[in-house]
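Here is a short briefing to read alongside the sequence and the 3D view. Keep both open as you go through the points below.

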Amino acid sequence: MNPADELAQLRPDLLRFARLQLRDDTLAEDVVQEALIAALAGKQDFAGRAALKTWVFAILKNKIIDTLRGRERSINLSALAVEEEGFDQTFDRLFKANGHWSPAARPGDWGDPEETLRQTQFWATFDACLNHLPASTARIFMMREFLEFEVEEICQELGIRSSNCYVILHRARHNLRGCLERTWFGPNPRNATC
Amino acid sequence: MLNCKETTRLLSESQDRPLGLGERAALKLHLLMCKGCTNYSHQMSFIRQACSHLETHGKEERK
């Protein structure tokens with residue numbers, strides 16, 4: 001297969017990844033296009049498909065970071081506040097007055113992680129759950145988990161306090177686990193004690 | 001003593017900053033006694049693991 005074809009085959013995966021980060025289809029198309037052009041221009045010899053893919057994704061990540069930096073720097077704080085309020089209400093309901101899990105909300109056992117990650121279907125669910133995160137929360141979570149920013153960098157970049165950043169990241173992870181439990185792992189046996 | 005609500009927060013923060021000695025001890029103690037939070041802790045690790053696999057375990061390699 002020639003290099004252009006090989007890269008073209010990666011396009012759907014690249015697009016999906018860019019869309020999750022940017023939440024803007026046009027922008028996502030643009031960064032993927034740029035990444036592919038850069039990849040084609042710099043095409044080196046790769047031992048295998050996996051190595052090529054890793055390399056192209058590294059290019060894409062840098063393009064996404066540039067795009068995020070070019071965007072409005074500070075995050076919409078009032079949108080964040082609204083997201084926070086919605087979260088607090090549902091979060092508080094999971095616990096009894098003393099702060100311990102209410103029996104129905106107690107997290108269950110998700111089984112073997114490796115096994116789950118091998119299942120094709122799981123990735124569609126995971127994508128859907130990521131897409132369900134509120135936009136501002138998602139943006140910060142993506143910067144942390146996929147673009148691998150340190151918390152300090154995120155704070156500087158977006159003009160928020162680090163204590164606030166920890167809260168937002170907890171919210172994102174907590175929402176994701178809730179979504180995965182509802183849509184993938186299903187209700188768990190409630191025999192766990194706390 | 002930590003309650004479960006505080007524990008979930010600390011479990012998430014442990015992925016973003018090094019926890020202090022006291023925090024780590026309190027967390028360990030709580031997890032020893034609480035199955036729900038132990039599961040939560042595994043779920044937090046799972047989510048991080050899934051995020052790091054998102055690109056490499058894309059559709060391409062699932063054939």
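**Two domains in chain A**

In this predicted model, the domain assignment splits chain A into domain 1 (3–70) and domain 2 (77–185). Chain A also touches chain B, with 35 residues of chain A in contact with 34 residues of chain B. The points below take the domains, the chain contact, some helices and two loop residues in turn.

**How the domains meet**

- Taken over C-alpha atoms, the centres of domain 1 and domain 2 of chain A are 26 Å apart.
- The two domains of chain A touch through 6 residues of domain 1 and 6 residues of domain 2.
- On the domain 1 side of this contact, H1 and H3 of chain A each supply at least two residues, and H3(A) gives the most, with 3 residues.
- By class, that side of domain 1 of chain A has 3 nonpolar, 1 polar and 2 charged residues.

**Where chain A meets chain B**

- To recap the contact between the chains, 35 residues of chain A meet 34 residues of chain B.
- Five helices of chain A each bring at least two residues to the side that touches chain B: H1 (3–22), H3 (49–70), H5 (113–117), H6 (120–132) and H9 (162–185).
- H9(A) provides the largest share of that side, 7 residues.
- The side of chain A that touches chain B is made up of 19 nonpolar, 8 polar and 8 charged residues.
- Chain B itself has 3 helices and 0 strands, following the pattern α-α-α along its sequence.
- Of the 63 residues in chain B, 30% are buried.

**The pairing of H1 and H2 in chain A**

- Two packed helices are described by the angle between their axes and the distance between the axes.
- The axes of H1(A) and H2(A) (residues 25–41) come within 9 Å and cross at roughly 145°, and the crossing is right-handed.
- H1(A) contributes residues including Leu7(A), Arg11(A), Leu14(A) and Leu15(A) to this contact, while those from H2(A) include Ala28(A), Val31(A), Val32(A) and Ala35(A).
- The contact of H1(A) with H2(A) has 15 nonpolar, no polar and 3 charged residues.

**A look at H9 of chain A**

- How far apart are the end C-alpha atoms of H9(A)? They are 32 Å apart, which agrees with the 34 Å that its 24 residues should span at 1.5 Å a residue.
- Buried residues in H9(A) include Cys165(A), Ile168(A), Leu169(A), His170(A), Arg171(A) and Leu180(A).
- The buried residues of H9(A) pack against H4 (77–92), H6, H7 (135–145) and H8 (151–158) of chain A, and also against H1 (4–13) and H3 (35–53) of chain B.
- Gly186(A) follows H9(A) and has a positive phi, near 75°.

**Two loop residues with positive phi**

- Most residues other than glycine have a negative phi, and most peptide bonds are trans.
- Arg23(A) is not a glycine, yet its phi is positive, at about 55°.
- Arg23(A) sits in the loop between H1 and H2 of chain A.
- Is Arg23(A) buried or partly exposed? Arg23(A) is partly exposed, because it has 15 other C-beta atoms within 10 Å.
- Glu148(A), also not a glycine, has a positive phi of about 55° and lies in the loop between H7 and H8 of chain A.
- Glu148(A) counts as exposed because it has 12 C-beta neighbours inside 10 Å.

Definitions and conventions: Residues are numbered from 1 along each chain as its sequence is written. Chains are lettered from A and ligands numbered from 1 in the order in which they are written. This is a predicted model: local features need pLDDT of at least 70, side-chain atom pairs count only at pLDDT 80 or more; totals for chains, interfaces and linings use all residues. Two residues are in contact if their C-beta atoms, placed from the backbone, lie within 7 Å. Helices (H or I, at least four residues) and strands (E, at least two) are DSSP runs, numbered from the N terminus. Ala, Val, Leu, Ile, Met, Phe, Trp, Tyr, Cys and Pro count as nonpolar, Asp, Glu, Lys and Arg as charged, and the others, Gly among them, as polar. Domain bounds come from an automatic or database domain assignment. Axes are lines fitted to C-alpha atoms, for helices over the stretch in contact, and angles run from 0 to 180 degrees between N-to-C directions. A crossing is left-handed if the near helix is turned anticlockwise from the far one by less than a right angle, and right-handed if clockwise. The expected span of a helix is 1.5 Å times one less than its number of residues. A residue is buried if 20 or more other C-beta atoms lie within 10 Å of its own, exposed if 12 or fewer, and partly exposed in between; C-beta atoms are placed from the backbone.
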